[in-house]
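Notebook open. I want to look up the helix geometry first, then the empty space, then one histidine.

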Amino acid sequence: MTAAAAVAFALIVAVDWLAVYRQWARAEQVAKPLVMVALAWLAFSMGAAHDEVGRLVLVALGFSLAGDIFLLRESAAAFFGGLVSFLLAHITYVLAFLTVGFQKGWALVGLLIAVSLSLTAGRRIVKGAADQGGAALGAGVTAYLVVISAMVVAAGGTARPLVLLGAVSFLVSDTVLALDRFVGQRDQARMVVIVTYHLGQVMMVIGTLR
């Protein structure tokens, strides 16, 4: 069952990446949500439903699925819905990682990575968001940066390199997305976002459940 779920996940991811690269909007609208469904199936096949950590991972994937659906649209309301959905996903991942354990030395590695990115790209993102959408959007983006940074720190605290690598990959994905939206469009940004996002999610799931 686990092998079948892994193959299904890999195939759907490949279709979604190709859809993004080729700008096949209709294919992406189908494939993108299915990626999280397939990853949830993989997590379930790894026993996620049998303990607290696994159930938290499944909830985080559920919020991620909601965020993916929101972000298939380009409106400000859809972006806000995606922001809230992924903020809840990150909070749930924090709870899952803390349940696994918390080692301060490893957490410090995550903190250094998160702070470094926040003091560079993060400052530009918050300013760009405030310029575009006012203080409310700037505050919302700031809150999101704080939460995803906490997720990276908690991922480091698990002392599982794959979990930390996944969290950093997720952070890179969201950073590139936000820079593209609020600071300036970048070539192939959508491709970088989707690849690092999917890699981040699958590494965190496997690293947490193994």
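**Entry 1: the bend.** I started with α5 and found a kink of about 145° in it, centred on G133. A note to self before going on: this is a predicted model.

How far does α5 span between its end C-alpha atoms? I got only 6 Å, where a straight helix of 54 residues would span 80 Å at 1.5 Å a residue. I put that next to the kink of about 145° at G133. Then I checked what follows the helix: just after α5, A159 takes a positive phi of about 60°.

**Entry 2: closed space.** I searched the whole structure for cavities of 30 Å³ or more and got one. The largest cavity holds about 40 Å³ of space.

Which residues line the largest cavity? I wrote down A114, L117, S118, A121, G122, I125, L145, S149, L171 and T175. The elements that give two or more residues to this lining are α5 (104–157) and α6 (161–182). α5 gives the most, with eight residues. So much for names; I also sorted the lining by class and counted six nonpolar, four polar and no charged residues.

**Entry 3: open space.** Next I looked up the largest pocket, which has a volume of about 1,100 Å³. Its lining has 41 residues, and the closest to the pocket centre are L71, L177, D180, R190 and V193.

Which elements each supply at least two residues of the pocket lining? My list reads α1 (2–22), α2 (25–45), α4 (76–100), α5, α6 and α7 (189–209). For the largest pocket, α6 gives the most, with ten residues, whereas for the largest cavity that place goes to α5.

By class, I get 23 nonpolar, eight polar and ten charged residues in the pocket lining. The cavity lining, by contrast, has no charged residues.

**Entry 4: the histidine.** Last stop was H198, which lies in helix α7. Is H198 buried or exposed? I call H198 buried because its relative accessible area is 1%, and the cut-off for buried is under 20%.

What does the side chain of H198 make a polar contact with? I found the side chain of W17 as the partner, at 2.9 Å. W17 falls within the 2–22 range that I noted for α1, so I pencilled this contact in beside the helix list, given that helices here are DSSP runs.

Notes
Residues numbered from 1 in each chain as written. Predicted model: local features only at pLDDT ≥ 70, side-chain atom pairs only at ≥ 80, totals over all residues. Heavy atoms only, no water. 1 Å grid on protein atoms, 1.4 Å probe; cavity = no way out; pocket = protein on both sides within 12 Å on 5 of 7 lines; lining within 4 Å. Points joined across faces, edges and corners; volume = space filled by probe spheres on them. Helix = DSSP H or I, 4+ residues; strand = E, 2+ residues; numbered from the N terminus. Nonpolar A, V, L, I, M, F, W, Y, C, P; charged D, E, K, R; others polar. Expected span 1.5 Å × (residues − 1). Bend = angle between axes of the 7 residues up to and from the residue. Buried < 20%, exposed > 50% of the residue type's maximum accessible area, 1.4 Å probe, protein only. Polar contact = N/O pair within 3.5 Å; in protein donor to acceptor, adjacent residues only side chain to side chain.
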